[in-house]
Amino acid sequence: MVKMQFDMLVNVFRSATGIQPTPPPMPDEGASAPVKPKVVVALYNYKAIETGDLSLEKNQEYEVLSDSQEHWWKVKDARGNVGFIPSNYVKEKESLGLQQYDWYVYDMSRQRSESLLKHEDKEGCFVVRNSSTRGLYTLSLYTKIPHPHVKHYHIKQNARGEFYLSEKHCCNSIPDLINYHKHNSGGLASRLKTSPHDRPTPATAGLSHDKWEIDPSALVLLEELGSGQFGVVRKGKWRGSIDVAVKMMKEGSMSEEDFIDEAKVMTKLQHTNLVQLYGICSMKNRPIYIVTEYMRHGSLLNYLRRHEQSLSINQGLLLDMCIQVCKGMAYLERHNYIHRDLAARNCLVGSENLVKVADFGLARYVLDDQYTSSGGTKFPIKWAPPEVLNYIRFSSKSDVWAYGVLMWEVFTCGKMPYGRLTNTEVAERVQRGMILERPQSCYKEVYDVMRKCWSHLPENRPSFKILKETLIGVSQGILVD
Ligand code: AMP
């Protein structure tokens with residue numbers, strides 16, 4: 001039975017990628033055979049800075065010596081050097097699939113692929129991405145003829161399992177197909193020429209293995225990025241090479257000792273749609289610095305307001321932003337982590353329209369009564385459900401309510417929820433069942449999702465896991481892939 005399932009999976013994998021995976025040993029085979037070493041391939045370059053870490057060279061192979069820590073693995077390179085590497089920078093050789101190709105962008109959405117290719121602005125620039133229909137792939141291609149735009153083509157398969165874009169030119173694997181269309185446009189708007197260069201590399205969980213305490217002398221502080229509840233945020237460079245954001249906490253703004261313990265846990269939370277906490281400066285520094293991944297376009301709220309003109313006519317992009325936030329929140333929910341202050345102002349935008357949730361869990365360490373008590377002037381009343389207003393009862397389901405308000409902020413391009421109503425007026429009306437109105441030109445299907453988030457009883461609200469599936473379904477229904 002297991003063997004049959006494996007054979008089926010192998011066929012799908014082999015035909016898409018052109019690679020032959022090695023089968024796992026059957027239960028009765030290889031009981032005494034030596035354990036095969038795990039071999040990984042680097043997806044990105046990585047420069048080791050701290051002693052004990054090892055540099056990675058893209059496309060090179062490494063033998064894994066220990067993967068007991070989730071985010072930092074001990075590996076050996078071809079010259080016998082041993083050290084720690086970030087596990088999200090490598091992929092097991094046997095399941096590498098299309099990820100070895102620069103043109104494969106995994107599950108990037110249609111909207112983000114369009115932004116990326118338009119930004120590159122090169123005739124014939126292309127990417128291949130997972131289609132919203134599971135198991136299929138889409139080619140997104142930029143052409144300037146007759147005007148700059150992106151065309152999307154489903155990569156189809158015929159009865160013989162061959163891949164094609166135009167039925168006349170079928171190939172055994174997707175890489176062969178891409179290669180064919182690099183030389184012949186074969187019915188496409190252009191021949192495939194290049195794929196986007198200098199794509200950002202993902203953040204690592206901490207700046208080195210087992211490192212969450214950061215030496216402030218290794219940080220060069222640059223321009224101010226903004227200021228918020230906790231104080232000023234400045235751009236920084238760590239050891240002259242990694243861009244970071246440094247939150248310089250205001251004296252007395254948070255219970256520092258409790259937070260320092262929590263920071264160790266928080267550096268281990270890692271997801272594409274969460275702002276990575278790199279660590280804190282607390283030993284030689286008071287008040288402490290919180291060091292996170294740098295996000296070049298700043299807060300989502302300001303981004304929405306700044307780009308209202310172009311965003312308001314692109315509902316697909318707005319929905320994609322909501323889906324990205326939902327993915328980050330579904331990860332937190334899976335890890336039983338409650339945000340407590342989810343809102344557009346607490347999400348950040350990076351390059352390629354990547355949206356990430358920031359400041360998760362920080363609210364617990366704030367010492368300011370005006371922020372922590374529901375009657376306080378800084379309490380996020382307009383994002384709070386009835387059970388928080390009444391009993392300060394936070395849960396993943398109170399995050400879901402706030403997420404509905406965030407969706408509303410996104411689809412109004414950053415309007416203030418409930419307009420000029422005061423916090424007291426909103427609190428009173430929300431408890432009587434009042435909800436936000438449908439934003440102008442927002443699809444009914446999208447507004448229906450917001451309304452589910454605002455179910456009076458927490459148990460009637462969907463989980464982020466369900467929300468994610470629903471929103472992906474909505475985007476397939478109202479937008480073309
Ligand atoms: P906060 O204290 O988190 O509200 O941050 C205040 C402002 O600093 C935000 O509105 C952003 O404009 C900016 N900021 C905060 N964190 C980052 C970051 N990681 N990358 C870039 N800008 C940031």
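## Spaces, strands and cysteines in a predicted model

The largest cavity encloses about 110 Å³ of space. Keep in mind that this is a predicted model. With a floor of 30 Å³ or more, the count comes to one cavity. Its lining is made up of 13 residues, and those nearest the centre are Arg340, Trp383, Ala384, Phe394 and Ala402. Helix α10 (residues 396-411) hands over the largest share of that lining, namely three residues. Sorted by class, the cavity wall has nine nonpolar residues, one polar residue and three charged ones.

Now for a space that is open. The second largest pocket holds about 1,300 Å³. It is lined by 50 residues, and Gly228, Ser299, Arg345, Asn346 and Asp359 are the closest to its centre. Here are the two linings side by side.

| Space | Volume | Nonpolar lining residues | Polar lining residues | Charged lining residues |
|---|---|---|---|---|
| Largest cavity | about 110 Å³ | nine | one | three |
| Second largest pocket | about 1,300 Å³ | 23 | 14 | 13 |

Which domains supply at least three residues each to the lining of the second largest pocket? Domain 3 (216-293) and domain 4 (300-478) both do. Going down to individual elements, β11 (219-228), β12 (231-238), β13 (242-249), β15 (289-293) and α5 (300-306) each put at least two residues into the wall of this pocket.

Stepping back to the whole chain, the protein is split into domain 1 (38-96), domain 2 (101-183), domain 3 (216-293) and domain 4 (300-478). Taken over C-alpha atoms, the centres of domain 2 and domain 3 are 40 Å apart.

On to the strands. There is an open sheet of five strands, ordered β6-β7-β8-β9-β10, with antiparallel pairing. β6 (126-130) and β10 (170-171) are the edge strands; each has a single partner strand, so one side of each has no neighbour in the sheet. For β6, five bridges link it to strand β7 (residues 137-143), and the two run antiparallel. Within that pairing, Asn130 sits opposite Tyr137 of β7.

Another pair worth a look is β14 and β15, which are joined in the antiparallel sense by four bridges. Across this pair, Cys281 faces Tyr289 in β15. Is strand β14 (residues 277-281) mostly covered or mostly open? Mostly covered: five of its five residues are buried. Its partner β15 (289-293) is also one of the elements that supply at least two residues to the lining of the second largest pocket.

Finally, the cysteines. How many disulfides does the structure hold? Zero. Take Cys326, which is in no disulfide: the nearest cysteine sulfur belongs to Cys453 and is 8.0 Å away. A disulfide needs the two sulfur atoms within 2.5 Å, so a separation of 8.0 Å does not qualify. Cys326 is buried too, with a relative accessible area of 0%. Cys347 is likewise in no disulfide, and the nearest cysteine sulfur, that of Cys322, is 9.7 Å off. At 0% relative accessibility, Cys347 also counts as buried.

Technical notes. Residues are numbered from 1 along each chain as its sequence is written. This is a predicted model: local features need pLDDT of at least 70, side-chain atom pairs count only at pLDDT 80 or more; totals for chains, interfaces and linings use all residues. Side-chain values use heavy atoms; hydrogens and water are left out. Domain bounds come from an automatic or database domain assignment. Buried means under 20% relative accessible area, exposed over 50%, partly exposed in between (1.4 Å probe, protein chains only). On a 1 Å grid over the protein atoms alone, a cavity is a set of points where a 1.4 Å probe fits but cannot get out, and a pocket is an open set with protein on both sides within 12 Å along at least five of seven lines; lining residues have an atom within 4 Å of a point. Grid points are joined across faces, edges and corners, and a volume is the space filled by probe spheres set on the points. Ala, Val, Leu, Ile, Met, Phe, Trp, Tyr, Cys and Pro count as nonpolar, Asp, Glu, Lys and Arg as charged, and the others, Gly among them, as polar. Two strands pair if DSSP finds at least two bridges between them.
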